[in-house]
Every structure is written in C-alpha cells, then in structure tokens.
Amino acid sequence: MSKRLNAWPTLVYEDLAPMVDYVNRVVQVAGKYTLDEPFEVGWGNTVLGVTPRGLRTPTLRQRGVTFTVHYSLLDGGVVIEADNGSRTVPLS
C-alpha cells in the first residue's frame, strides 16, 4: 500500500506550547461572553463557532444591542459586529 501524501506531521508539544497557551486564553475570554446569556439546557450557548480565520460567538443580546464577536487568530484582531455598526480592536 502506498504512503499517504497528506499525512499529518509529527506534532511536538514543546514546540506548540506557546500557541496552545495563546488559543486557550482566547477561548477562555471568548467563552465569558456566552456565559452571561440565559441558561440553555446542556450549556449549548457556550459553544464557539469555528471560522476559517478563528472563532466566533453566537449572536448575543445585551442592553438592546444584538452583536457577535469574531476572534481572528490569524490576524490578531477582534471584530465586534453589532446591529448599530462594527469595530475592530487588537486581540492583545
């Protein structure tokens, strides 16, 4: 049988540790938005969507504003899109 051409490379944790820590921090912060929402059975509202460039929250509603937050892990930015406009801020 031939060797797979698209096989995953060997992943060494020590090499990936800074990236793993970074993504973990982003997910912890992003999850805080959804925890403020009304409880859903099974905590389904705490799931972050995966996008081609990072993560996003579900649609949220606070004080009369409907918004979603996109965390662009590749660009290092946060895009907050609301029904009254949008804003981009650095992820740092």
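Arg-63 sticks out as exposed, with a relative accessible area of 82%. You'll find Arg-63 in the loop between strand E3 (60-62) and E4, and its phi is near 50°, a positive value in a residue other than glycine. Keep in mind that this is a predicted model. The protein has one helix and six strands, and buried residues make up 23% of its 92 residues.

**The overall layout**

- Going along the sequence, the pattern reads α-β-β-β-β-β-β, so the helix comes before the strands in this α-β-β-β-β-β-β order.
- The accessible surface of the protein comes to about 7200 Å², and carbon and sulfur atoms hold 58% of that surface.
- Take the contacts with a separation of 6 or more: residues 24 or more positions apart account for 21% of them.

**Strands E4, E5 and E6**

- E4 and E5 pair in the antiparallel sense, with six bridges between them.
- One of the facing pairs here is Phe-67, which stands opposite Ala-82 in E5.
- To get from E4 to E5 the chain makes a hairpin with four residues between the two strands.
- Gly-76 lies in that turn and has a positive phi of about 75°.
- Strand E5 (residues 77-82) then pairs with E6, again through six bridges and again antiparallel.
- E5 and E6 form a hairpin too, this time with two residues between them.
- Across this pairing, Val-78 stands opposite Val-89 in E6, while Val-79 stands opposite Thr-88 in E6.
- As background, side chains in a regular strand alternate between the two faces of the sheet.
- How many residues of strand E6 (residues 85-90) are buried? The count is zero among its six residues, so this strand is hardly covered, buried meaning under 20% relative accessible area.

**The nonpolar core**

- The largest nonpolar core has ten residues in all: Val-26, Ala-30, Leu-48, Leu-55, Leu-60, Phe-67, Val-69, Tyr-71, Val-78 and Leu-91.
- Helix H1 (13-35) and strand E4 (65-72) each supply at least two residues of this core, and E4 gives the most, with three.
- In general, nonpolar side chains in soluble globular proteins tend to be buried together.
- Two residues from the pairings above turn up in this core as well: Phe-67 and Val-78 are both members.
- Which residues does Leu-91 touch, leaving out those up to four places away in sequence? The list is Tyr-22, Val-26, Tyr-71, Ser-72, Leu-73, Gly-76, Gly-77 and Val-78.
- Among those contacts of Leu-91 are Val-26, Tyr-71 and Val-78, and these three belong to the core along with Leu-91.

**The salt bridge**

- A search of the whole structure turns up one salt bridge.
- Its partners are Asp-75 and Arg-53, with the closest N and O atoms 2.8 Å apart.
- This pair links distant parts of the chain, 22 residues apart.
- Asp-75 sits in the loop between E4 and E5, and Arg-53 in the loop between strand E1 (49-50) and strand E2 (54-56).
- Are the two partners buried or exposed? Asp-75 counts as exposed because its relative accessibility is 53%, over the 50% cut-off.
- Arg-53, at 41% relative accessibility, counts as partly exposed.

**Helix H1 and its surroundings**

- Tyr-13 is found in helix H1, and together with Met-19 and Val-20 it makes a nonpolar surface patch of about 290 Å².
- Lys-32 has its place in helix H1 as well, and it is exposed, with a relative accessible area of 52%.
- Lys-32 and Thr-57 are 25 residues apart in sequence, and their C-alpha atoms are 9.9 Å apart in space.

Technical notes
Residues are numbered from 1 along each chain as its sequence is written. This is a predicted model: local features need pLDDT of at least 70, side-chain atom pairs count only at pLDDT 80 or more; totals for chains, interfaces and linings use all residues. Side-chain values use heavy atoms; hydrogens and water are left out. Buried means under 20% relative accessible area, exposed over 50%, partly exposed in between (1.4 Å probe, protein chains only). Two strands pair if DSSP finds at least two bridges between them. A nonpolar core is a set of buried Ala, Val, Leu, Ile, Met, Phe, Trp, Tyr and Cys residues joined through side-chain atoms within 4.5 Å. Contact means heavy atoms within 4.5 Å. Patches are made of residues with over 30% relative accessible area and no salt bridge: like charges are joined within 9 Å, nonpolar side chains (Val, Leu, Ile, Met, Phe, Trp, Tyr) within 5 Å. Accessible areas come from the Shrake-Rupley method with a 1.4 Å probe; for residues, only the protein chains shown count as cover. A salt bridge is a side-chain nitrogen of Lys or Arg within 4 Å of a carboxyl oxygen of Asp or Glu.
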